[in-house]
Amino acid sequence: MALHIIIDGYNLIRNSAALTVLDRQDIQLGRESLVDMLAAYRSVKHHKITVVFDGTDAPVYSQSHDRVKGITVRFSRSGETADEVIKRMAAHDREKALIVSSDREIVTAAAACRATTISSSEFEQKLLLGGADGSGGSREDDVVDRRPFSTQKKGPRRRAPKSRRRNRKRIGKL
């Protein structure tokens, strides 16, 4: 199943230390830096990525959505927030969507649609690990799980709920 990463653009920019500095200088510079980071990440991991921004700060010449360096950039229409666009996209893609936002309202709505969610700061760490070295993943993924051997039965009580296991599996694809 192909993964569609839907990002709350300004939420990620304002939760990132490096991008916040650029955003304070010029809002367009912050958006362009985010798209550049995502394009570098996409060259390593070939997921479909959509970044959603509020249309109130959109450049005058921009369309409601555009494709830049393989990343789909969407601006909400007038009278609509980026949160509403993200919720609608999550409802459309359902299990295929991975929503990147620290906004509780978006996370709750996405979880109700069975979409996977990840916080902006956690995604930024994955983004930097995935794009920093050419391996396409962190070194932690290569380590084999070395639990001590035991004959004790492992029943359902030791198993995480199905929804949590499914989300962990999807996030592991980042």
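## Helix α4, Arg94 and the aromatic pairs

Arg94 sits in the loop between α4 and β5. The model described here is a predicted one. This briefing covers helix α4, then Arg94, then the aromatic rings.

**Helix α4**

- Helix α4 runs over residues 82–93 and has 12 residues. From its first C-alpha to its last it reaches 16 Å, close to the 16 Å expected at 1.5 Å a residue.
- Which residues of α4 are buried? They are Ala82, Val85, Ile86, Met89, Ala90 and Asp93. These residues are on the same side of α4, because they cover an arc of only 135 degrees around the axis.
- An α-helix has 3.6 residues a turn, so residues three or four places apart point the same way.
- The buried residues of α4 pack against four strands, β1 (4–8), β2 (48–53), β4 (71–75) and β5 (97–100), and against the helix α5 (104–112).

**Arg94, just after the helix**

- Arg94 comes just after α4 and takes a positive phi of about 50 degrees.
- Is Arg94 buried, partly exposed or exposed? Its relative accessibility is 40%, so Arg94 counts as partly exposed; the class lies between the limits of under 20% for buried and over 50% for exposed.
- Leaving aside residues up to four places away in sequence, Arg94 touches Cys113, Arg114 and Ala115.
- With Cys113 there is a polar contact: the side chain of Arg94 reaches the backbone oxygen of Cys113 at 3.2 Å.
- Arg94 and Ala111 are 17 residues apart in sequence, and their C-alpha atoms are 9.1 Å apart in space.

**Aromatic rings**

- How many aromatic pairs does the structure hold? There are three.
- A pair of aromatic rings is described by the distance of the centres and the angle of the planes.
- One of the pairs is formed by Tyr41 and Phe123, with 6.2 Å centre to centre and 70 degrees between the planes. The pair counts as edge-to-face, because the angle is over 60 degrees.
- This pair links distant parts of the chain. Tyr41 belongs to helix α3 (residues 27–44) and Phe123 to helix α6 (residues 120–132), and the two are 82 residues apart.
- Tyr41 and Phe123 are both buried.
- Tyr10, Phe53 and Phe75 are linked into a cluster by ring pairs.
- Phe53, a member of that cluster, also has Arg31 over its face, at 6.0 Å from the ring centre.

Terms used: Residues are numbered from 1 along each chain as its sequence is written. This is a predicted model: local features need pLDDT of at least 70, side-chain atom pairs count only at pLDDT 80 or more; totals for chains, interfaces and linings use all residues. Side-chain values use heavy atoms; hydrogens and water are left out. The expected span of a helix is 1.5 Å times one less than its number of residues. Buried means under 20% relative accessible area, exposed over 50%, partly exposed in between (1.4 Å probe, protein chains only). The arc is that of the directions from the helix axis to the C-beta atoms. Contact means heavy atoms within 4.5 Å. Rings of Phe, Tyr and Trp (its six-membered ring) pair if their centres lie within 6.5 Å; planes under 30 degrees apart count as stacked, over 60 as edge-to-face and the rest as tilted. A charge sits over a ring if NZ of Lys or CZ of Arg is within 6 Å of the ring centre and within 35 degrees of the ring normal. A polar contact is a pair of N or O atoms within 3.5 Å; within protein, one must be able to donate a hydrogen and the other to accept it, and residues adjacent in sequence count only if both atoms are side-chain atoms.
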